[in-house]
Amino acid sequence: MSRPVVLIAEELAPSVLAVLGDGVEVRHVDGADRAALLPALADAEAVLIRSATQVDAEALAAAPRLKVVARAGIGLDNVDVPAATARGVMVVNAPQSNVVSAAEQAVALLLACARNIAPANAALKAGQWQRSKWTGVEVADKTVGVVGLGRIGVLFAQRMSAFGTRLIAYDPYISAARAGQIGVRLVSLEELLRESDFISIHLPKTPETVGLIGKEQLALCKPTVRIVNAARGGLIDEQALADALASGQVAGAGIDVFASEPCTESPLFAFDSVVVSPHLGASTVEAQDKAGVAVARSVKLALQGEFVPDAVNVQAGGVVVEEVRPALPLVEKLGRVFTGLAGGVAAQLEVEVRGEVTAHDVSVLQLAALKGVFTDVVEEQVTFVNAPALAAERGVEVALSTDPESPDFRSLITVRGTLPNGTLVSVSGTLSGPRQVEKLTDVDGFDVDLVPVDHLLFFRYEDKPGVVGTVGAALGEAQVNIAGAQVSRTSQGGDALMALTVDSAVPAEVLEGIARAIGAQSARAVDLT
(Lines give C-alpha, C1' and ligand atoms only; values in the text may rest on other atoms or scores of the structure.)
Protein backbone atom coordinates (compact mmCIF):
# COMPACT_ATOMS: atom_id res chain seq x y z
CA MET A 1 0.00 0.00 0.00
CA SER A 2 1.21 3.52 -0.78
CA ARG A 3 2.04 5.69 2.16
CA PRO A 4 -0.10 8.79 2.82
CA VAL A 5 1.45 11.99 1.51
CA VAL A 6 2.23 14.65 4.11
CA LEU A 7 3.00 18.05 2.61
CA ILE A 8 5.23 20.38 4.65
CA ALA A 9 4.64 23.87 3.31
CA GLU A 10 6.92 25.86 5.62
CA GLU A 11 10.09 25.37 7.59
CA LEU A 12 9.46 23.32 10.71
CA ALA A 13 11.63 21.90 13.46
CA PRO A 14 13.70 18.82 12.50
CA SER A 15 11.88 16.85 15.22
CA VAL A 16 8.74 16.92 13.05
CA LEU A 17 10.17 14.36 10.64
CA ALA A 18 11.16 12.08 13.48
CA VAL A 19 7.62 12.15 14.90
CA LEU A 20 5.98 11.56 11.52
CA GLY A 21 8.17 8.49 11.03
CA ASP A 22 8.51 6.22 8.02
CA GLY A 23 4.81 5.49 7.67
CA VAL A 24 4.21 8.60 5.56
CA GLU A 25 5.71 10.10 2.44
CA VAL A 26 6.93 13.60 3.25
CA ARG A 27 7.01 16.21 0.50
CA HIS A 28 8.07 19.84 0.73
CA VAL A 29 6.73 22.94 -1.00
CA ASP A 30 6.97 26.69 -0.53
CA GLY A 31 3.49 27.39 0.82
CA ALA A 32 3.78 31.09 0.07
CA ASP A 33 4.21 30.28 -3.65
CA ARG A 34 0.61 29.78 -4.72
CA ALA A 35 1.56 28.37 -8.12
CA ALA A 36 3.62 25.66 -6.42
CA LEU A 37 1.25 25.00 -3.53
CA LEU A 38 -1.98 24.21 -5.39
CA PRO A 39 -0.66 21.36 -7.57
CA ALA A 40 1.32 19.98 -4.62
CA LEU A 41 -1.92 19.62 -2.65
CA ALA A 42 -3.44 17.21 -5.18
CA ASP A 43 -2.07 14.06 -3.50
CA ALA A 44 -1.74 15.38 0.05
CA GLU A 45 -3.65 13.78 2.91
CA ALA A 46 -2.10 16.20 5.39
CA VAL A 47 -0.49 19.62 5.11
CA LEU A 48 1.65 21.25 7.78
CA ILE A 49 1.92 25.03 7.76
CA ARG A 50 2.86 28.04 9.85
CA SER A 51 1.62 31.55 9.16
CA ALA A 52 2.69 32.21 5.56
CA THR A 53 0.58 29.56 3.81
CA GLN A 54 -3.03 30.41 3.00
CA VAL A 55 -5.28 27.36 3.19
CA ASP A 56 -8.49 28.83 1.81
CA ALA A 57 -11.41 27.38 -0.14
CA GLU A 58 -9.36 27.31 -3.34
CA ALA A 59 -6.53 25.39 -1.70
CA LEU A 60 -8.98 22.95 -0.10
CA ALA A 61 -10.67 22.35 -3.46
CA ALA A 62 -7.25 21.49 -4.91
CA ALA A 63 -6.77 18.80 -2.25
CA PRO A 64 -9.43 16.11 -2.72
CA ARG A 65 -7.62 13.62 -0.47
CA LEU A 66 -6.87 16.06 2.33
CA LYS A 67 -7.76 14.88 5.83
CA VAL A 68 -5.99 17.36 8.08
CA VAL A 69 -4.51 20.85 8.03
CA ALA A 70 -1.99 21.31 10.83
CA ARG A 71 -0.87 24.79 11.88
CA ALA A 72 2.37 24.69 13.88
CA GLY A 73 1.30 27.47 16.21
CA ILE A 74 -1.79 28.96 17.81
CA GLY A 75 -3.38 31.36 15.33
CA LEU A 76 -5.54 30.16 12.44
CA ASP A 77 -6.01 33.43 10.58
CA ASN A 78 -4.60 31.82 7.43
CA VAL A 79 -6.92 28.78 7.46
CA ASP A 80 -10.53 28.88 6.27
CA VAL A 81 -11.86 26.71 9.08
CA PRO A 82 -15.54 26.75 7.94
CA ALA A 83 -14.54 25.66 4.43
CA ALA A 84 -12.37 22.89 5.86
CA THR A 85 -15.19 21.74 8.12
CA ALA A 86 -17.61 21.59 5.19
CA ARG A 87 -15.19 19.30 3.36
CA GLY A 88 -14.62 17.10 6.41
CA VAL A 89 -11.02 18.27 6.79
CA MET A 90 -9.74 18.41 10.33
CA VAL A 91 -7.92 21.57 11.37
CA VAL A 92 -5.43 21.25 14.20
CA ASN A 93 -3.04 23.64 15.85
CA ALA A 94 -0.64 23.62 18.76
CA PRO A 95 -2.44 25.70 21.37
CA GLN A 96 0.09 25.15 24.14
CA SER A 97 3.28 25.27 22.13
CA ASN A 98 4.23 28.94 22.27
CA VAL A 99 2.40 30.25 25.32
CA VAL A 100 5.59 30.63 27.37
CA SER A 101 7.50 32.19 24.48
CA ALA A 102 4.67 34.64 23.73
CA ALA A 103 4.39 35.69 27.36
CA GLU A 104 8.14 36.19 27.58
CA GLN A 105 8.11 38.27 24.37
CA ALA A 106 5.51 40.60 25.89
CA VAL A 107 7.62 40.96 29.03
CA ALA A 108 10.71 41.64 26.91
CA LEU A 109 8.92 44.34 24.90
CA LEU A 110 7.59 45.97 28.06
CA LEU A 111 11.04 46.10 29.66
CA ALA A 112 12.71 47.27 26.45
CA CYS A 113 10.14 50.00 26.11
CA ALA A 114 10.46 51.07 29.75
CA ARG A 115 14.24 51.33 29.53
CA ASN A 116 14.61 52.55 25.92
CA ILE A 117 16.78 49.54 25.11
CA ALA A 118 16.32 49.62 21.33
CA PRO A 119 17.21 53.28 20.63
CA ALA A 120 20.02 53.26 23.20
CA ASN A 121 21.46 50.17 21.52
CA ALA A 122 21.23 51.77 18.07
CA ALA A 123 22.80 55.03 19.29
CA LEU A 124 25.70 53.35 21.01
CA LYS A 125 26.44 51.17 18.00
CA ALA A 126 26.45 54.39 15.96
CA GLY A 127 29.18 55.76 18.24
CA GLN A 128 26.98 57.93 20.48
CA TRP A 129 27.26 57.69 24.27
CA GLN A 130 23.96 59.29 25.43
CA ARG A 131 23.13 58.20 28.96
CA SER A 132 20.82 61.08 29.84
CA LYS A 133 18.86 60.93 26.60
CA TRP A 134 17.67 57.37 27.19
CA THR A 135 16.59 57.63 30.81
CA GLY A 136 13.77 55.15 31.40
CA VAL A 137 11.27 54.26 34.11
CA GLU A 138 11.11 51.45 36.66
CA VAL A 139 8.44 48.80 36.48
CA ALA A 140 8.31 48.19 40.23
CA ASP A 141 5.28 49.65 42.03
CA LYS A 142 3.59 50.46 38.72
CA THR A 143 0.11 49.36 37.65
CA VAL A 144 0.14 46.85 34.83
CA GLY A 145 -3.08 46.30 32.92
CA VAL A 146 -3.57 42.93 31.24
CA VAL A 147 -6.19 42.88 28.51
CA GLY A 148 -7.21 39.21 28.28
CA LEU A 149 -6.53 36.55 30.89
CA GLY A 150 -6.18 33.52 28.68
CA ARG A 151 -3.22 31.16 28.97
CA ILE A 152 -0.69 33.72 27.74
CA GLY A 153 -2.23 36.59 29.66
CA VAL A 154 -2.02 34.60 32.88
CA LEU A 155 1.62 33.67 32.26
CA PHE A 156 2.42 37.31 31.52
CA ALA A 157 0.67 38.43 34.72
CA GLN A 158 2.53 35.86 36.81
CA ARG A 159 5.86 37.05 35.47
CA MET A 160 5.05 40.72 35.97
CA SER A 161 4.00 39.99 39.54
CA ALA A 162 7.63 39.14 40.30
CA PHE A 163 8.56 42.75 39.45
CA GLY A 164 6.47 44.05 42.33
CA THR A 165 3.68 45.48 40.19
CA ARG A 166 -0.03 46.02 40.85
CA LEU A 167 -1.95 43.86 38.40
CA ILE A 168 -5.37 44.69 36.98
CA ALA A 169 -7.10 42.98 34.07
CA TYR A 170 -10.01 43.24 31.71
CA ASP A 171 -11.60 39.98 30.57
CA PRO A 172 -15.40 39.58 30.38
CA TYR A 173 -15.08 35.79 30.22
CA ILE A 174 -13.30 35.17 33.50
CA SER A 175 -14.66 35.32 37.03
CA ALA A 176 -13.37 37.68 39.68
CA ALA A 177 -12.60 34.65 41.85
CA ARG A 178 -10.37 33.11 39.18
CA ALA A 179 -8.59 36.43 38.64
CA GLY A 180 -8.08 36.73 42.37
CA GLN A 181 -6.41 33.33 42.47
CA ILE A 182 -3.63 34.62 40.23
CA GLY A 183 -3.33 37.93 42.07
CA VAL A 184 -5.17 40.10 39.54
CA ARG A 185 -8.04 42.54 40.13
CA LEU A 186 -10.71 42.52 37.44
CA VAL A 187 -11.82 45.93 36.15
CA SER A 188 -13.66 47.36 33.16
CA LEU A 189 -11.68 48.19 30.04
CA GLU A 190 -12.21 51.91 30.68
CA GLU A 191 -10.88 51.63 34.22
CA LEU A 192 -7.88 49.63 33.04
CA LEU A 193 -7.02 52.26 30.45
CA ARG A 194 -7.28 55.09 33.00
CA GLU A 195 -5.24 53.40 35.76
CA SER A 196 -2.47 51.52 33.97
CA ASP A 197 1.13 52.61 33.63
CA PHE A 198 1.74 49.66 31.32
CA ILE A 199 -0.83 47.81 29.21
CA SER A 200 -0.27 44.44 27.56
CA ILE A 201 -2.83 42.91 25.20
CA HIS A 202 -3.45 39.16 25.14
CA LEU A 203 -6.62 38.60 23.12
CA PRO A 204 -7.55 36.47 20.10
CA LYS A 205 -8.37 38.27 16.88
CA THR A 206 -12.14 38.28 16.38
CA PRO A 207 -14.63 40.74 14.88
CA GLU A 208 -15.24 42.01 18.41
CA THR A 209 -11.57 42.56 19.28
CA VAL A 210 -10.27 44.11 16.03
CA GLY A 211 -9.59 47.79 16.73
CA LEU A 212 -10.44 47.34 20.41
CA ILE A 213 -7.84 49.95 21.32
CA GLY A 214 -8.46 52.97 19.10
CA LYS A 215 -8.45 56.76 19.31
CA GLU A 216 -11.17 57.01 21.98
CA GLN A 217 -9.57 54.36 24.18
CA LEU A 218 -6.09 55.87 23.92
CA ALA A 219 -7.50 59.24 24.95
CA LEU A 220 -8.40 57.70 28.32
CA CYS A 221 -4.83 56.64 29.09
CA LYS A 222 -2.23 58.38 31.22
CA PRO A 223 0.30 60.27 29.08
CA THR A 224 3.00 58.11 30.68
CA VAL A 225 1.45 54.82 29.56
CA ARG A 226 3.39 52.30 27.54
CA ILE A 227 1.40 49.75 25.52
CA VAL A 228 2.49 46.29 24.41
CA ASN A 229 0.88 44.10 21.77
CA ALA A 230 2.44 40.68 21.20
CA ALA A 231 -0.90 38.98 20.57
CA ARG A 232 -2.54 39.70 17.20
CA GLY A 233 -2.16 42.50 14.70
CA GLY A 234 -5.10 44.84 14.38
CA LEU A 235 -6.17 44.77 18.04
CA ILE A 236 -4.66 48.25 18.29
CA ASP A 237 -5.46 50.87 15.65
CA GLU A 238 -1.89 51.50 14.53
CA GLN A 239 -2.55 54.94 13.06
CA ALA A 240 -4.39 56.01 16.19
CA LEU A 241 -1.45 54.78 18.27
CA ALA A 242 0.99 56.72 16.10
CA ASP A 243 -1.10 59.86 16.49
CA ALA A 244 -1.21 59.38 20.28
CA LEU A 245 2.57 58.96 20.39
CA ALA A 246 3.03 62.10 18.30
CA SER A 247 0.76 64.14 20.56
CA GLY A 248 2.31 62.84 23.79
CA GLN A 249 -0.86 61.03 24.83
CA VAL A 250 1.10 57.74 24.91
CA ALA A 251 4.72 57.53 26.08
CA GLY A 252 5.80 54.40 24.27
CA ALA A 253 4.87 51.06 22.78
CA GLY A 254 6.21 47.57 22.17
CA ILE A 255 4.73 45.99 19.07
CA ASP A 256 5.39 42.47 17.78
CA VAL A 257 2.35 42.06 15.50
CA PHE A 258 0.78 44.18 12.80
CA ALA A 259 -2.57 44.43 11.05
CA SER A 260 -0.94 43.47 7.77
CA GLU A 261 2.09 41.20 7.71
CA PRO A 262 4.83 41.15 6.62
CA CYS A 263 5.05 44.79 7.64
CA THR A 264 8.08 46.82 6.55
CA GLU A 265 6.50 50.29 6.65
CA SER A 266 4.49 51.74 9.48
CA PRO A 267 3.92 55.16 11.04
CA LEU A 268 5.04 53.56 14.30
CA PHE A 269 8.58 53.08 12.98
CA ALA A 270 9.18 56.84 13.19
CA PHE A 271 9.27 56.86 17.01
CA ASP A 272 12.30 56.06 19.14
CA SER A 273 9.89 55.27 21.96
CA VAL A 274 8.44 52.35 19.98
CA VAL A 275 10.13 48.96 20.09
CA VAL A 276 9.10 46.69 17.23
CA SER A 277 9.85 43.10 16.23
CA PRO A 278 8.68 41.02 13.24
CA HIS A 279 6.12 38.74 14.92
CA LEU A 280 8.65 36.91 17.07
CA GLY A 281 6.29 35.81 19.84
CA ALA A 282 6.58 32.15 18.88
CA SER A 283 10.07 32.39 17.44
CA THR A 284 12.07 30.46 19.96
CA VAL A 285 13.78 27.14 19.47
CA GLU A 286 11.65 25.65 22.22
CA ALA A 287 8.32 26.92 20.89
CA GLN A 288 9.02 25.80 17.34
CA ASP A 289 10.03 22.37 18.54
CA LYS A 290 6.93 22.04 20.73
CA ALA A 291 4.63 23.24 17.94
CA GLY A 292 6.14 20.95 15.33
CA VAL A 293 6.04 17.90 17.57
CA ALA A 294 2.47 18.62 18.68
CA VAL A 295 1.04 18.98 15.18
CA ALA A 296 3.05 16.03 13.85
CA ARG A 297 1.46 13.86 16.54
CA SER A 298 -1.95 15.23 15.63
CA VAL A 299 -1.35 14.47 11.96
CA LYS A 300 -0.45 10.87 12.76
CA LEU A 301 -3.64 10.46 14.79
CA ALA A 302 -5.75 12.04 12.04
CA LEU A 303 -4.27 9.84 9.33
CA GLN A 304 -5.02 6.81 11.48
CA GLY A 305 -8.64 7.92 11.80
CA GLU A 306 -8.35 8.52 15.53
CA PHE A 307 -9.64 11.39 17.61
CA VAL A 308 -7.32 14.40 17.70
CA PRO A 309 -7.46 16.43 20.94
CA ASP A 310 -6.15 19.62 19.30
CA ALA A 311 -8.68 19.65 16.44
CA VAL A 312 -10.36 23.05 16.48
CA ASN A 313 -13.35 22.09 14.33
CA VAL A 314 -14.51 18.95 16.12
CA GLN A 315 -17.67 19.29 18.22
CA ALA A 316 -16.46 17.60 21.38
CA GLY A 317 -16.39 18.86 24.90
CA GLY A 318 -12.71 19.52 25.42
CA VAL A 319 -9.88 17.08 25.97
CA VAL A 320 -10.68 13.37 25.69
CA VAL A 321 -9.38 11.75 28.85
CA GLU A 322 -7.56 8.44 28.84
CA GLU A 323 -10.54 6.69 30.43
CA VAL A 324 -12.70 7.60 27.42
CA ARG A 325 -10.22 7.34 24.57
CA PRO A 326 -10.16 3.49 24.30
CA ALA A 327 -13.92 3.49 23.68
CA LEU A 328 -13.66 5.58 20.49
CA PRO A 329 -12.86 2.74 18.04
CA LEU A 330 -15.44 0.50 19.71
CA VAL A 331 -18.20 3.09 19.38
CA GLU A 332 -17.28 3.79 15.76
CA LYS A 333 -17.68 0.06 15.09
CA LEU A 334 -21.02 0.07 16.89
CA GLY A 335 -22.11 2.81 14.49
CA ARG A 336 -21.04 0.77 11.48
CA VAL A 337 -22.76 -2.36 12.79
CA PHE A 338 -25.89 -0.30 13.42
CA THR A 339 -25.93 0.90 9.80
CA GLY A 340 -25.28 -2.64 8.56
CA LEU A 341 -28.20 -3.98 10.59
CA ALA A 342 -30.48 -1.08 9.68
CA GLY A 343 -29.73 -1.20 5.97
CA GLY A 344 -30.17 2.56 5.81
CA VAL A 345 -30.10 5.80 7.74
CA ALA A 346 -32.13 6.23 10.92
CA ALA A 347 -34.58 9.06 11.46
CA GLN A 348 -33.60 9.25 15.13
CA LEU A 349 -30.40 8.13 16.77
CA GLU A 350 -29.43 7.86 20.41
CA VAL A 351 -26.02 7.10 21.87
CA GLU A 352 -26.48 5.81 25.42
CA VAL A 353 -23.46 5.58 27.72
CA ARG A 354 -23.73 3.77 31.04
CA GLY A 355 -21.38 2.96 33.89
CA GLU A 356 -18.04 4.21 35.19
CA VAL A 357 -17.02 6.03 32.03
CA THR A 358 -19.83 8.55 32.53
CA ALA A 359 -17.78 10.16 35.30
CA HIS A 360 -15.97 11.88 32.42
CA ASP A 361 -17.01 14.00 29.46
CA VAL A 362 -18.21 11.43 26.90
CA SER A 363 -19.59 13.81 24.27
CA VAL A 364 -16.94 12.64 21.81
CA LEU A 365 -18.55 9.18 21.79
CA GLN A 366 -21.55 10.66 19.99
CA LEU A 367 -19.18 11.85 17.27
CA ALA A 368 -17.54 8.43 17.07
CA ALA A 369 -20.94 6.79 16.65
CA LEU A 370 -21.93 9.22 13.90
CA LYS A 371 -18.61 8.66 12.13
CA GLY A 372 -19.33 4.94 12.12
CA VAL A 373 -22.98 5.33 11.13
CA PHE A 374 -22.14 7.29 7.98
CA THR A 375 -18.84 5.64 6.97
CA ASP A 376 -20.57 3.08 4.75
CA VAL A 377 -23.40 5.38 3.66
CA VAL A 378 -21.78 8.35 1.91
CA GLU A 379 -19.10 8.59 -0.75
CA GLU A 380 -17.04 11.32 0.88
CA GLN A 381 -14.72 10.59 3.75
CA VAL A 382 -16.44 10.75 7.12
CA THR A 383 -14.53 12.33 9.99
CA PHE A 384 -15.16 13.61 13.48
CA VAL A 385 -15.42 16.99 11.76
CA ASN A 386 -18.20 16.50 9.21
CA ALA A 387 -20.19 13.68 10.83
CA PRO A 388 -22.61 16.08 12.63
CA ALA A 389 -23.17 17.98 9.38
CA LEU A 390 -23.93 14.74 7.54
CA ALA A 391 -26.54 13.88 10.18
CA ALA A 392 -28.09 17.34 9.96
CA GLU A 393 -28.23 17.22 6.15
CA ARG A 394 -30.16 13.95 6.32
CA GLY A 395 -32.51 15.12 9.05
CA VAL A 396 -31.22 12.64 11.61
CA GLU A 397 -32.07 13.69 15.16
CA VAL A 398 -29.15 12.76 17.40
CA ALA A 399 -29.11 12.55 21.20
CA LEU A 400 -26.60 11.51 23.84
CA SER A 401 -27.70 10.12 27.18
CA THR A 402 -25.67 8.97 30.16
CA ASP A 403 -26.40 6.88 33.23
CA PRO A 404 -23.85 6.06 35.93
CA GLU A 405 -25.61 2.76 36.60
CA SER A 406 -24.64 -0.29 34.54
CA PRO A 407 -25.80 -3.54 36.18
CA ASP A 408 -23.90 -6.02 34.00
CA PHE A 409 -20.79 -4.19 32.77
CA ARG A 410 -18.41 -1.57 34.15
CA SER A 411 -19.29 0.53 31.15
CA LEU A 412 -21.72 -0.07 28.30
CA ILE A 413 -22.37 1.93 25.14
CA THR A 414 -25.49 1.48 23.02
CA VAL A 415 -26.25 2.92 19.60
CA ARG A 416 -30.01 2.84 19.19
CA GLY A 417 -32.08 4.27 16.38
CA THR A 418 -35.51 4.39 14.83
CA LEU A 419 -35.77 3.91 11.08
CA PRO A 420 -38.19 5.95 8.95
CA ASN A 421 -40.61 2.98 8.92
CA GLY A 422 -40.65 2.84 12.72
CA THR A 423 -38.33 -0.16 13.12
CA LEU A 424 -36.05 0.01 16.16
CA VAL A 425 -32.42 -1.14 15.75
CA SER A 426 -29.85 -1.29 18.52
CA VAL A 427 -26.36 -2.59 19.15
CA SER A 428 -24.40 -2.46 22.40
CA GLY A 429 -20.77 -3.01 23.27
CA THR A 430 -18.22 -2.82 26.03
CA LEU A 431 -14.50 -3.02 26.70
CA SER A 432 -13.72 -6.24 28.54
CA GLY A 433 -10.95 -7.07 30.98
CA PRO A 434 -7.59 -5.41 31.68
CA ARG A 435 -6.72 -5.51 27.97
CA GLN A 436 -10.00 -3.72 27.20
CA VAL A 437 -11.03 -6.13 24.46
CA GLU A 438 -13.87 -4.82 22.30
CA LYS A 439 -17.05 -6.88 22.62
CA LEU A 440 -20.54 -6.68 21.17
CA THR A 441 -22.92 -7.54 23.99
CA ASP A 442 -26.37 -7.01 22.52
CA VAL A 443 -27.91 -6.85 19.06
CA ASP A 444 -31.57 -5.83 18.82
CA GLY A 445 -32.23 -7.17 22.31
CA PHE A 446 -30.42 -10.49 21.81
CA ASP A 447 -27.51 -11.21 24.14
CA VAL A 448 -24.21 -11.86 22.35
CA ASP A 449 -20.54 -12.02 23.27
CA LEU A 450 -18.78 -11.20 20.05
CA VAL A 451 -15.51 -9.52 19.11
CA PRO A 452 -16.26 -7.08 16.24
CA VAL A 453 -13.74 -8.38 13.69
CA ASP A 454 -13.57 -7.46 10.01
CA HIS A 455 -16.46 -9.61 8.75
CA LEU A 456 -19.69 -10.18 10.65
CA LEU A 457 -22.95 -11.95 9.72
CA PHE A 458 -26.32 -11.62 11.43
CA PHE A 459 -29.40 -13.77 10.74
CA ARG A 460 -32.81 -13.23 12.34
CA TYR A 461 -35.13 -16.24 12.06
CA GLU A 462 -37.64 -18.44 13.86
CA ASP A 463 -35.87 -20.79 16.27
CA LYS A 464 -35.90 -24.34 14.82
CA PRO A 465 -33.53 -27.29 14.40
CA GLY A 466 -31.02 -27.51 11.58
CA VAL A 467 -30.36 -23.82 11.05
CA VAL A 468 -26.78 -23.89 12.30
CA GLY A 469 -25.93 -26.81 10.03
CA THR A 470 -27.57 -25.18 7.01
CA VAL A 471 -25.64 -21.95 7.53
CA GLY A 472 -22.35 -23.76 8.10
CA ALA A 473 -22.76 -25.93 5.02
CA ALA A 474 -23.60 -22.98 2.78
CA LEU A 475 -20.62 -20.97 3.97
CA GLY A 476 -18.34 -23.98 3.63
CA GLU A 477 -19.49 -24.50 0.06
CA ALA A 478 -18.70 -20.85 -0.64
CA GLN A 479 -15.20 -21.32 0.86
CA VAL A 480 -15.96 -18.89 3.71
CA ASN A 481 -14.36 -19.98 6.97
CA ILE A 482 -16.31 -19.46 10.20
CA ALA A 483 -14.22 -18.03 13.03
CA GLY A 484 -16.99 -17.99 15.60
CA ALA A 485 -20.74 -18.46 15.85
CA GLN A 486 -23.37 -17.78 18.49
CA VAL A 487 -27.11 -18.28 18.69
CA SER A 488 -29.28 -16.19 20.96
CA ARG A 489 -33.03 -16.58 21.31
CA THR A 490 -35.91 -15.04 23.18
CA SER A 491 -37.47 -18.45 23.97
CA GLN A 492 -37.54 -21.97 22.62
CA GLY A 493 -39.26 -21.82 19.27
CA GLY A 494 -39.33 -18.01 19.39
CA ASP A 495 -37.21 -15.47 17.56
CA ALA A 496 -33.52 -16.24 17.27
CA LEU A 497 -30.40 -14.38 16.21
CA MET A 498 -27.33 -16.07 14.81
CA ALA A 499 -24.18 -13.95 14.88
CA LEU A 500 -21.04 -15.13 13.13
CA THR A 501 -17.52 -13.90 12.59
CA VAL A 502 -15.97 -15.08 9.35
CA ASP A 503 -12.56 -14.77 7.73
CA SER A 504 -13.63 -13.23 4.44
CA ALA A 505 -16.40 -11.20 2.90
CA VAL A 506 -19.56 -13.12 2.00
CA PRO A 507 -20.90 -12.58 -1.53
CA ALA A 508 -24.40 -11.12 -1.66
CA GLU A 509 -25.79 -14.13 -3.52
CA VAL A 510 -24.47 -16.50 -0.82
CA LEU A 511 -26.07 -14.37 1.90
CA GLU A 512 -29.38 -14.32 0.03
CA GLY A 513 -29.26 -18.08 -0.52
CA ILE A 514 -28.73 -18.73 3.19
CA ALA A 515 -31.57 -16.39 4.08
CA ARG A 516 -33.96 -18.30 1.78
CA ALA A 517 -32.79 -21.67 3.07
CA ILE A 518 -33.43 -20.86 6.73
CA GLY A 519 -36.44 -18.61 6.19
CA ALA A 520 -34.65 -15.65 7.74
CA GLN A 521 -36.57 -12.51 8.61
CA SER A 522 -33.36 -10.60 7.90
CA ALA A 523 -29.80 -11.39 6.86
CA ARG A 524 -27.05 -8.80 7.17
CA ALA A 525 -23.34 -8.81 6.42
CA VAL A 526 -21.25 -6.09 8.06
CA ASP A 527 -17.77 -5.39 6.75
CA LEU A 528 -15.57 -3.46 9.20
CA THR A 529 -12.41 -3.44 7.08
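Select Ala36 to begin: at 27% relative accessibility, Ala36 counts as partly exposed, a class lying between buried (under 20% relative accessible area) and exposed (over 50%), with a 1.4 Å probe and protein chains only. Ala36 is placed in helix α2, residues 34-40. Add Ala9 to the selection: the C-alpha atoms of Ala36 and Ala9 are separated by 10.0 Å, and the two residues are 27 residues apart along the chain.

The model is predicted, so that local features need pLDDT of at least 70 and side-chain atom pairs count only at pLDDT 80 or more, whereas totals for chains, interfaces and linings use all residues. Residues are numbered from 1 along each chain as its sequence is written, and side-chain values use heavy atoms, with hydrogens and water left out. Helices (H or I, at least four residues) and strands (E, at least two) are DSSP runs, numbered from the N terminus.

Next, select two loop residues. Asp141 lies in the loop between α6 (117-125) and β6 (143-147). Asp141 is not a glycine, yet has a positive phi of about 70 degrees; the residue is exposed, with a relative accessible area of 55%. Gln479, in the loop between α16 (467-477) and β20 (482-489), likewise has a positive phi, of about 65 degrees, without being a glycine. Gln479 counts as exposed at 69% relative accessibility.

Move to Pro262, in the loop between β11 (252-255) and β12 (274-276). The peptide bond joining Glu261 and Pro262 is cis, with omega about 0 degrees. Most residues other than glycine have a negative phi, and most peptide bonds are trans.

Now display helix α13 (residues 327-342) with helix α14 (residues 363-375): their axes come within 7 Å and cross at roughly 40 degrees. That makes α13 oblique to α14. Axes are lines fitted to C-alpha atoms, for helices over the stretch in contact, and angles run from 0 to 180 degrees between N-to-C directions; under 35 degrees counts as roughly parallel, over 145 as roughly antiparallel, 65 to 115 as roughly perpendicular and the rest as oblique. To inspect the contact (heavy atoms within 4.5 Å), select residues including Leu328, Val331 and Phe338 in α13 and Leu365, Ala368 and Val373 in α14. By class, this contact of α13 with α14 has 9 nonpolar, 4 polar and 3 charged residues. Nonpolar covers Ala, Val, Leu, Ile, Met, Phe, Trp, Tyr, Cys and Pro; charged covers Asp, Glu, Lys and Arg; the others, Gly among them, are polar.

Add the open sheet of 6 strands, ordered β14-β13-β15-β16-β17-β18 with mixed pairing. Its edge strands, β14 (397-403) and β18 (446-450), each pair on one side only; two strands pair if DSSP finds at least two bridges between them. Helix α13 lies across β13 (348-355), β15 (411-418), β16 (424-432) and β17, at about 155 degrees to β16. Helix α14 lies across β13, β14 and β15, at about 135 degrees to β13. At one edge, β17 (residues 437-443) and β18 run antiparallel and are joined by 3 bridges. There, Val443 stands opposite Phe446 in β18.

Finally, select α16 and helix α17 (residues 508-518), whose axes come within 10 Å and cross at roughly 155 degrees. That makes α16 roughly antiparallel to α17. Val467, Thr470, Val471, Ala474 and Leu475 of α16 make the contact with Val510, Ile514, Ala517 and Ile518 of α17. These residues divide into 8 nonpolar, 1 polar and no charged.
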